[in-house]
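Please look over the model below before reading the comments. They cover an annotated span, the nonpolar cores and one pocket.

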Amino acid sequence: MVSEGSVIARGEWHPANSSRSVAATLQLAGGLVVAVGDAAGERHAAAEPEKMTFSPRVGSIPRRIVFPDGSLFETRDNDAIDAYVEKRQGRRSGFVHRMEEFHPRLIVFAGLVMLLAAGIYRYALPALVELAVLLTPPVVPDWMGSGTLATLDRTTLSPSKLPEADRRRIGDGFETLAAKAEGGAGAYTLNFRDGGYIGPNAFALPDGSLILTDQLVELAKGDTDMILGVLGHEIGHVERKHSLRQLYRAAGIAGLIMLIAGDVGSGVEDILTQGGGLLALSYSRAAESEADMRSVELMRAAGRDPAAIARFFERLEEIYGDHGGNSMLSTHPDTPERRRAILDYDAKLRGVTVEKNGPDTSTPGAEGGRQPAKP
Ligand SMILES: [Zn+2]
């Protein structure tokens, strides 16, 4: 960098409209470019660099640096001038400099495009997703479900090693739960599988197929209601068509990216083209909470412990702590808050029933803040 007061180049200074020439040096002083006479050290001209004109380099032709007052400094030291000009541009090559080069109208246009994209994402995309879900023929979820299960069976899952008695016990409970769900028991199928590396997990496919891993059953240690609570949650995902929504959302976002960037990452392509990709989509927080509440309702309707799924989250936290790995914790975050919401909802539903059935032995007004008793 050229320091203040330093010499830029040696040459001659010419007053405005005059052929007279004075031996001088071009110097930097106090942010100004100054032409200083060699003989008397006299300041012939001074100006801010922005207000001066530096002639471009053309072979070995002397460079002319014109001051605003019309006087000019001439030098054959092209390299020195180039060095100075380069340093000065380097100093200004920050954001402001680029803004100057960039057409302001282009920035406004880019801003409008981003605003439009944000608007589509925020308002149009959810509406389009809802429309797509409405217009999806029933055969599509069926095809998605069977395709995904086939892919999983080929790659990840293996046949269940659960004893027949366990399967029957869980299967019977599941029937009573599904009977209370939208579409009735016929709309849902429970599939037992060894989860392999996905560990203790349960998930639902858009066609109403639920997959329960042996590892989750082991984790429940005979607490059937806990397992059914998780299955109720998965039924909730199917009822509300959450996976179909997520898929359309991903497709819509991919479309947006394509519109803006003209390209879709291969990861997004994978999600859209591979059956197994369905599982890579995690549900939104709102969807998870909806499914949790649905579990409470279904368990309650089936005469089971409505808050059983809260115990499941508690168990997961005990075992895995914060590092859920491939377990349900990684796809189902924020378990402490969810547990609280589940217990609150359960308490709320019980409060409503108590009022409906007339006076109860419990003290009126005490239900609100009271924690529900654990069975
Ligand atoms: Zn879920």
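The numbered points below take these topics in turn.

1. This is a predicted model, in which local features need pLDDT of at least 70, side-chain atom pairs count only at pLDDT 80 or more, and totals for chains, interfaces and linings use all residues. Residues are numbered from 1 along each chain as its sequence is written, and side-chain values use heavy atoms, without hydrogens and water.

2. An unreviewed UniProt entry annotates residues 106–124 as "transmembrane region"; such annotations may be inferred rather than shown by experiment. In the model this span is 100% helix and 0% strand, with its end C-alpha atoms 25 Å apart. Helices are DSSP runs of H or I, at least four residues, and strands are runs of E, at least two, numbered from the N terminus.

3. The largest nonpolar core (buried Ala, Val, Leu, Ile, Met, Phe, Trp, Tyr and Cys residues joined through side-chain atoms within 4.5 Å; buried means under 20% relative accessible area, 1.4 Å probe, protein chains only) has 39 residues. Helix α7, residues 224–239, gives the most to this core, with 7 residues. A second, separate core has 19 residues, including A9, V33, F54 and I81.

4. I170 is among the residues with the most contacts inside the largest core. Beyond neighbours within four places in sequence, I170 is in contact (heavy atoms within 4.5 Å) with L162, L190, F192, L212, V217, I227, L228 and L231.

How values were computed:
Buried means under 20% relative accessible area, exposed over 50%, partly exposed in between (1.4 Å probe, protein chains only).
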